[in-house]
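Visitor: I'm new to reading protein structures. Could you walk me through this one?

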Amino acid sequence: MIETLHTEPTTAAHSKAFEDAYQAASDARRTLYSRAVAYVARLIRPHLPEAATLTIDTESVGLYEVLDANGNALWHAPSAAGHGLPDGVTDEVNDLLEDVIPFGNLAGAARWKAAPQGLPFRTIRLPKPPAPEPTVRPAARSFFPTLEGLAEVHAEWSPGKNAFTITGLAPERTRETRDRIRAGITNAGYKLPDGALTVAASGPLLTPAAATDLVLAVTVLAAAGAIDGNALLEKVALVGELGLDGQVRPVADINEAVRIAYASGYHSAVVAEADLGNIDVAGIGVHGAANLRQALTVLDALASKK
């Protein structure tokens, strides 16, 4: 770029305006090439998923070869015309190349290196394809001790319109439970992914109703992929009400719930910190948590001991 030596104010202002425009044009050219390559990759990969590198002829302006990551040819012009890549896709790629090549600086801004065939052939490295989003993430399952036995909680995430559905609870408390869990998770510093979360409770989920909040929230987070606690959900009993602020609150009959958990085969339980003094059950390790984040920290610590 030309550097001016003028210091007279008006000339200096023109010089600065030129420098700014030059930089903006350089940035725009780099952006143009980057987006052009991303567009080409989007056109080609539905037909050649393993495409990693392209060879183009910058003189005749056309796609010459498509290679995989190991340098093996997936498509080659003109012998492969109509095979592997539809002619319409090839034509669209060639039209795009015809539009962007005149902007020049192919080795610099575009980073299109000379191909093994020599100039005017150049290679274009395609961006890595994004990791595929699972259509359904692994479901999370947990259990909750009640006077009538263990109730089961099953949570699942799937892509689509944002939704949070809970089934299996008494209708009059489903909405309140969902609101407490959603607000408690958010205020504990966790973000649920976009998509549909479905929670199904089955079995004797009895009073106190709010005592299931903690197990429901943790199971939701595991299903959403926000935490990696799914392996312990079937081994650690979680009993506690969840406040809108993410705090874990004490519940009635906590000693009986922990006793049932131990009788059902659990060797660990997480309860509200304020409930620790209300528990007298031998043989089970009981851990207190003041809030949802602490409860998850306890789960992580228990996981490291397995």
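Here are some questions and answers about this predicted model.

Visitor: Let's start with the open sheet of four strands. Which strands sit at its edges?

Guide: Read the order across the sheet: β6-β7-β9-β8, with mixed pairing. An edge strand pairs on one side only, and two strands fit that description. They are β6 (140-146) and β8 (163-167).

Visitor: How much are neighbouring strands of this sheet turned against each other on average?

Guide: Picture the order β6-β7-β9-β8 again and take the strands as neighbours. Ignoring direction, the average turn between them is 15°.

Visitor: Do β8 and β9 pair in the parallel or antiparallel sense, and which residue of β9 is the bridge partner of F164?

Guide: In general, strands of a sheet pair through backbone hydrogen bonds, either parallel or antiparallel. Here β8 and β9 (residues 196-202) go for the parallel sense, over five bridges. As for F164, its bridge partner in β9 is L197.

Visitor: Helix α4 lies across the sheet strands, so to speak. At about what angle does α4 run to β7?

Guide: Helix α4 covers residues 213-224 and lies across β6, β7, β8 and β9. Take β7 (149-158) as your reference, and the helix runs at about 35°.

Visitor: On to the largest pocket. Which element gives the largest share of its lining?

Guide: This pocket has a volume of about 260 Å³, and 14 residues line it. The closest to its centre are A110, R111, W112, I124 and R125. Two elements give two or more residues to the lining, α1 (9-44) and β5 (121-125). The largest share, four residues, comes from α1.

Visitor: And the second largest pocket: how many nonpolar residues are in its lining?

Guide: That pocket holds about 200 Å³ of space. You'll meet F164 and L197 again, as both are in its lining. β8 and α3 (171-187) each supply at least two of the lining residues. By class, three are polar, three are charged, and the nonpolar ones number six.

Visitor: Last one: is T90 buried or exposed?

Guide: T90 lies in helix α2 (residues 87-100). Leaving out residues up to four places away in sequence, it touches W75 and L85. Its relative accessible area is 11%, and the cut-off for buried is under 20%. So T90 counts as buried.

Conventions. Residues are numbered from 1 along each chain as its sequence is written. This is a predicted model: local features need pLDDT of at least 70, side-chain atom pairs count only at pLDDT 80 or more; totals for chains, interfaces and linings use all residues. Side-chain values use heavy atoms; hydrogens and water are left out. Two strands pair if DSSP finds at least two bridges between them. Axes are lines fitted to C-alpha atoms, for helices over the stretch in contact, and angles run from 0 to 180 degrees between N-to-C directions. Contact means heavy atoms within 4.5 Å. On a 1 Å grid over the protein atoms alone, a cavity is a set of points where a 1.4 Å probe fits but cannot get out, and a pocket is an open set with protein on both sides within 12 Å along at least five of seven lines; lining residues have an atom within 4 Å of a point. Grid points are joined across faces, edges and corners, and a volume is the space filled by probe spheres set on the points. Ala, Val, Leu, Ile, Met, Phe, Trp, Tyr, Cys and Pro count as nonpolar, Asp, Glu, Lys and Arg as charged, and the others, Gly among them, as polar. Buried means under 20% relative accessible area, exposed over 50%, partly exposed in between (1.4 Å probe, protein chains only).
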